[in-house]
Amino acid sequence: MNQLRFHFAVAVVIGCLCSSSPAAADDAVTLTGRIIDADTGELIPARLYITNADGEAYFANSLDMEGSYVVYNVSRSPDSVEQHVTLSAHPFTSSLPPGEYTLIAERGKEYLPVQLTIEVADEPLEVELQMTRWIDMADRGWYSGDTHVHRTLADLPNVMLAEDLNVALPLTYWVREAYVPPLKADDTLDVVPSELIAVDDTHVIWPMNTEYEIFTVNGVSHTLGAVFVLNHHEPLRPAAPPVGPIAQAARDEHALLDFDKHSWNWSMMLLPVMDVDLFELSNNHIWRTEFFFYQWTTDVQPADWDIETSALGWTEWGWTDFGFKTYYALLNCGFKMRPTGGTASGVHPVPLGFGRIYVPIEGEFSYDAWIEQLDAGTGFVTTGPMLFANVNGQPGGSVISSDDGTEEIAVTVTAESARPLDRIEVILNGDIAATLEVTNEAREDGGYINEADATLTVDESSWVLVRCFEEAGEGRYRFAHTGPTYIEIPDRPLRPRMREVNYFIQRMETEIARNRGVLSDDEVAEYEAALEFYEGLREQTRE
């Protein structure tokens with residue numbers, strides 16, 4: 001049965017304690033526990049959920065004076081609630097009134113979740129949660145990161161280790177008003193370090209990153225959108241709009257520009273004007289808990305892209321698919337954006353690194369090597385599975401040149417997952433070119449492995465990538481998605497579809513009309529330049 005697999009702890013109740021922590025209620029009982037690696041027996045950092053029979057959340061703290069814990073309690077609706085604590089590798093404790101409780105421990109993507117049910121009576125309890133690592137990505141030379149982070153620098157060391165997230169890029173500068181430079185956006189902001197913060201040898205924080213997320217212009221509500229500048233070394237000086245100077249400042253700083261979400265008002269203008277580097281294939285509306293943003297930006301839904309919706313608006317798959325199809329359309333227009341994943345954990349009800357990017361590093365881990373591979377496009381984005389793919393032996397981001405007018409493409413895929421996979425798809429220029437057989441062979445360490453391949457032939461410049469999906473229960477899916485590999489054939493350029501170009505033209509025409517009289521002529525000119533770019537693609541289109 002394709003459903004979420006939990007490994008149940010070996011022992012529910014180990015014994016009684018001689019002392020207890022201060023009670024949260026007169027009849028509260030002290031629960032003490034340990035979260036350990038089932039193979040090594042060592043304590044490990046993890047994320048812990050404690051809920052009673054009515055679904056009410058309780059939180060633990062560290063029992064060790066040298067330990068740390070961070071409580072996270074964010075909700076958007078009764079169905080979109082994230083209530084957990086991240087714990088360092090130390091014993092924990094919690095005060096619980098008598099009753100039945102469910103404990104769930106999770107750690108990033110590489111451990112199987114553990115679920116434990118206990119009955120609290122009138123005596124202190126001690127429990128042990130044994131977590132099984134089903135895959136060790138660092139041992140294979142792959143390291144994860146979250147490029148959209150709103151956690152504090154003080155909390156991040158604890159949370160990163162609990163999520164086994166190797167790289168965090170917190171958006172410490174956050175601009176939400178037009179014409180306000182980053183240094184003036186937050187009067188309470190302390191001096192942001194301009195050097196790497198090492199949590200340990202393989203977990204690091206680059207602290208200087210900026211988000212421009214403009215909701216007001218001259219004090220009046222008027223949404224423009226968001227764009228990130230990642231990995232800069234000095235505070236940025238330009239305000240927004242216009243965005244051209246921001247792009248130049250990013251290049252001067254050897255920084256990366258991250259697209260954030262594709263449906264912001266200004267998003268389709270950013271590509272021609274800023275030459276954005278990264279596209280968040282797993283963005284901050286994709287959560288562990290229930291989907292929430294049914295109505296957000298539904299006005300920009302393309303009518304002829306076959307996007308799934310419901311009476312509420314977007315479905316979770318519809319929103320995800322809209323992002324994928326926008327990415328493919330932009331690749332068809334010639335924008336070689338590299339994929340990434342971000343959560344906005346700290347703002348939304350989602351764990352840090354729920355959607356993340358893994359990139360390969362040869363030799364020892366370093367932040368410089370990680371950011372270089374992110375920029376090269378060699379990684380894959382995931383909310384669950386691990387996806388290793390190459391095209392003619394080359395990783396994502398590679399360019400394969402052909403001189404004879406055709407190219408045979410050999411796609412080789414290995415997909416590993418905690419749950420059974422539902423499907424693996426090869427995408428060619430935005431179309432599903434092949435759906436690969438899934439066998440879901442059981443791995444010795446837990447989880448499943450699928451190995452497959454496909455051969456395609458192209459006669460014009462193209463791109464190809466791979467994605468896979470695993471069932472997560474209740475009609476939901478986790479996915480992994482590689483970056484594209486490019487095939488270049490002389491005198492046969494890559495061509496976008498007519499419907500893709502028409503959609504981008506319509507988006508720009510709408511924004512030009514909406515911004516006239518609000519933005520200056522020079523600022524509107526950026527939208528006009530983008531419109532001219534898309535109109536110039538019309539003669540190159542295919543059906």
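By contact I mean heavy atoms within 4.5 Å. With that settled, good morning. The structure I am presenting is a predicted model, and I shall begin with one residue before turning to the helices and the chain as a whole.

The residue is Trp-264, which sits in the loop between β19 and α3. Which residues does Trp-264 touch, not counting residues up to four places away in sequence? They are Glu-213, Phe-215, Thr-223, Leu-224, Gly-225, Ala-226, Trp-296 and Arg-507. Gly-225 deserves a second look: Trp-264 and Gly-225 are 39 residues apart in sequence, while their C-alpha atoms are 4.9 Å apart in space. Is Trp-264 buried or exposed? Its relative accessible area is 5%; buried means under 20%, so Trp-264 is buried.

Beyond that loop comes helix α3, residues 267-274. This helix is mostly covered, with 6 of its 8 residues buried. The buried residues are Ser-267, Met-268, Met-269, Leu-270, Leu-271 and Met-274. What covers them includes the strands β18 (220-230) and β19 (256-258), together with the helices α2 (244-252), α4, α6 and α7 (521-536). After α3 comes Asp-275, which has a positive phi, near 55°.

Let me take α6 from that list of covering elements. Two packed helices are described by the angle between their axes and the distance between the axes. For α3 and α6, which spans residues 498-515, the angle is about 100° and the axes lie 9 Å apart. Angles of 65 to 115 degrees count as roughly perpendicular, and α3 and α6 are therefore roughly perpendicular to each other. On the α3 side the contact is made by Ser-267, Met-268 and Met-269, and on the α6 side by Phe-504, Arg-507 and Met-508. By class, that contact has 4 nonpolar, 1 polar and 1 charged residues. Arg-507 has already appeared in this talk, as one of the residues that Trp-264 touches.

Helix α6 also packs against α4, again at an angle of about 100°, with the axes 10 Å apart. These two helices are therefore roughly perpendicular to each other. From α4 the contact draws on Phe-322, Ala-329, Leu-330 and Asn-332, and from α6 on Glu-500, Tyr-503 and Phe-504. The residues divide into 5 nonpolar, 1 polar and 1 charged. Phe-504 takes part here, as it does in the contact of α6 with α3.

Now α4 itself, residues 316-332. How far should its 17 residues span? At 1.5 Å a residue the expected span is 24 Å, and the end C-alpha atoms are 25 Å apart, which agrees. Of those 17 residues, 15 are buried, so α4 is largely enclosed by the rest of the structure. Following α4 is Gly-334, with a positive phi near 100°.

Two further helices can be treated briefly. In α5, residues 367-376, the residues Tyr-367, Ala-369, Trp-370, Ile-371 and Leu-374 are buried. Just after α5, Gly-377 takes a positive phi of about 80°. In helix α7 we find Ala-529, which is partly exposed, with a relative accessible area of 40%. The C-alpha atoms of Ala-529 and Val-273 are separated by 7.5 Å, although the two residues are 256 residues apart along the chain.

For a strand residue, consider Val-85 in β7, residues 80-87. Its relative accessible area is 1%, and Val-85 is buried. Leaving aside residues up to four places away in sequence, Val-85 touches Ala-46, Arg-47, Leu-48, Phe-59, Ala-60, Tyr-69, Val-70 and Val-71. Val-85 and Val-159 are 74 residues apart in sequence, with their C-alpha atoms 9.0 Å apart.

Finally, the whole chain. How many helices and strands are there? The chain has 7 helices and 35 strands. Its radius of gyration is 24 Å, close to the 24 Å that the globule rule gives for 543 residues, so the chain is as compact as a globular protein of that length. Along its principal axes the C-alpha trace spans about 80 × 55 × 50 Å. Buried residues make up 57% of the 543 residues. Among contacts with a separation of 6 or more, residues 24 or more positions apart account for 70%.

To close, I return to the starting point: Trp-264, in the loop between β19 and α3, is buried and touches Arg-507, a residue of α6 that also contributes to the contact with α3. Thank you.

Key:
Residues numbered from 1 in each chain as written. Predicted model: local features only at pLDDT ≥ 70, side-chain atom pairs only at ≥ 80, totals over all residues. Heavy atoms only, no water. Axes fitted to C-alpha atoms, helices over the stretch in contact; angles between N-to-C directions. Helix = DSSP H or I, 4+ residues; strand = E, 2+ residues; numbered from the N terminus. Parallel < 35°, antiparallel > 145°, perpendicular 65-115°, else oblique. Nonpolar A, V, L, I, M, F, W, Y, C, P; charged D, E, K, R; others polar. Expected span 1.5 Å × (residues − 1). Buried < 20%, exposed > 50% of the residue type's maximum accessible area, 1.4 Å probe, protein only. Rg over C-alpha atoms; globule rule 2.2 N^0.38 Å.
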